[in-house]
Amino acid sequence: MIKNSGCEFDVDLSALDEKQTYIFMVNHQSFFDIPLLFHFLSPWQFKFVAKKSLFKFPIFGHAMAAAKHISIDRENSRKGMKDIQHAVDVANSGHSPLIFPEGTRNPNPNKLLPFKIGGMILALKCQKPIAPILMVGPEKVLYKGKLIMNPCQKIKIKALPPIDTSKYSLKEREKVKEDLQDIMDKAYAEMRNE
């Protein structure tokens, strides 16, 4: 799918260590994000963290469950906390959880949506570095709500320097969210203007 897209890729993952387990935090614009991440983050063993309802979709949800991606129950907080502990266990086994901190596909490519707090709690409980990754351009290939691809676009993917989560306590999850949002917002604006 990536090779057949005809897209031009500008990818810089030099800020990351292939031997490190991270909590990947990635902006989300398109269904095309998924194959891009599988392709370009292949050196890392990662598992998507997604809301439980996505695991109920025919074929797609069953494939996610079979691949042991991480389901988070947003409706039941007690079950949600157990799911977060499962994600911590996954990270401790060497698989990097991958979170879309915006919580959904962003229909506006001009700026990032406000981040959700759940990913920050997971990152702090895992005590693994947060690896912010930004993508610009996937929404041009496959717009939200569309099923027909628009090939031959330019796509930029960039890893920002990892954030040391050991500098924060669990009580500082709002601070982590604010710091991450600020870092990613600034870098995203720069990438869009390049």
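I took contact to mean heavy atoms within 4.5 Å. The model I worked from is predicted.

**Entry 1: glutamine 181**

I began with glutamine 181 and its contacts. Leaving out residues up to four places away in sequence, I found that glutamine 181 touches Leu112, Leu113, Pro114 and Phe115. I placed glutamine 181 in helix 6. Is glutamine 181 buried or exposed? Its relative accessible area is 14%, and the limit for buried is under 20%, so I entered glutamine 181 as buried. I also looked up proline 101, which is 80 residues from glutamine 181 in sequence, while the C-alpha atoms of the two are 9.0 Å apart in space.

**Entry 2: helix 4 against helix 6**

I noted how such a pair is described: by the angle between the axes and the distance between them. For helix 4 (residues 118-126) and helix 6 (residues 173-193) I read an angle of about 110° and axes 9 Å apart. Angles of 65 to 115 degrees count as roughly perpendicular, so I recorded helix 4 and helix 6 as roughly perpendicular to each other. Which residues make the contact? On helix 4 I listed Met120, Ile121 and Leu124, and on helix 6 Arg173, Val176, Lys177 and Leu180. Sorted by class, this contact of helix 4 with helix 6 has five nonpolar and two charged residues, and no polar ones.

**Entry 3: helix 3 against helix 4**

Next I looked at helix 3 (77-92). Its axis and that of helix 4 come within 9 Å and cross at roughly 45°. I therefore put helix 3 down as oblique to helix 4. The crossing of the two is right-handed. From helix 3 the contact takes in Met81, Ile84, Ala87, Val88, Ala91 and Asn92, and from helix 4 Ile121, Leu122, Lys125 and Cys126. By class I noted eight nonpolar residues, one polar and one charged in the contact of helix 3 with helix 4.

**Entry 4: the surroundings of helix 4**

How many of the nine residues of helix 4 are buried? I found seven, and so wrote helix 4 down as mostly covered, given the limit of under 20% relative accessible area. The buried residues are Gly119, Met120, Ile121, Leu122, Ala123, Leu124 and Cys126. They pack against strand 2 (23-26), strand 3 (46-51), helix 3, strand 5 (96-99), strand 6 (130-136) and helix 6. Just past the end of helix 4 I came to glutamine 127, which has a positive phi of about 55°.

**Entry 5: threonine 165**

I located threonine 165 in the loop between strand 7 (154-159) and helix 6. With a relative accessible area of 2%, threonine 165 is buried. Not counting residues up to four places away in sequence, threonine 165 touches Ala123, Leu124, Gln127, Lys128, Pro129 and Ile130. Where does methionine 149 lie relative to threonine 165? I found the two 16 residues apart in sequence and 38 Å apart in space, C-alpha to C-alpha.

**Entry 6: aromatic rings**

I turned last to the aromatic pairs, of which a search of the whole structure gives seven. One is the pair of tyrosine 22 and phenylalanine 24, with centres 5.8 Å apart and 50° between the planes, which I logged as tilted. Tyrosine 22 is buried at a relative accessible area of 3%. Phenylalanine 24 is also entered as buried, at 0%. Separately, I noted one aromatic cluster formed by Phe38, Phe46, Phe48 and Phe100.

Key
Residues are numbered from 1 along each chain as its sequence is written. This is a predicted model: local features need pLDDT of at least 70, side-chain atom pairs count only at pLDDT 80 or more; totals for chains, interfaces and linings use all residues. Side-chain values use heavy atoms; hydrogens and water are left out. Axes are lines fitted to C-alpha atoms, for helices over the stretch in contact, and angles run from 0 to 180 degrees between N-to-C directions. Helices (H or I, at least four residues) and strands (E, at least two) are DSSP runs, numbered from the N terminus. Angles under 35 degrees count as roughly parallel, over 145 as roughly antiparallel, 65 to 115 as roughly perpendicular and the rest as oblique. Ala, Val, Leu, Ile, Met, Phe, Trp, Tyr, Cys and Pro count as nonpolar, Asp, Glu, Lys and Arg as charged, and the others, Gly among them, as polar. Buried means under 20% relative accessible area, exposed over 50%, partly exposed in between (1.4 Å probe, protein chains only). A crossing is left-handed if the near helix is turned anticlockwise from the far one by less than a right angle, and right-handed if clockwise. Rings of Phe, Tyr and Trp (its six-membered ring) pair if their centres lie within 6.5 Å; planes under 30 degrees apart count as stacked, over 60 as edge-to-face and the rest as tilted.
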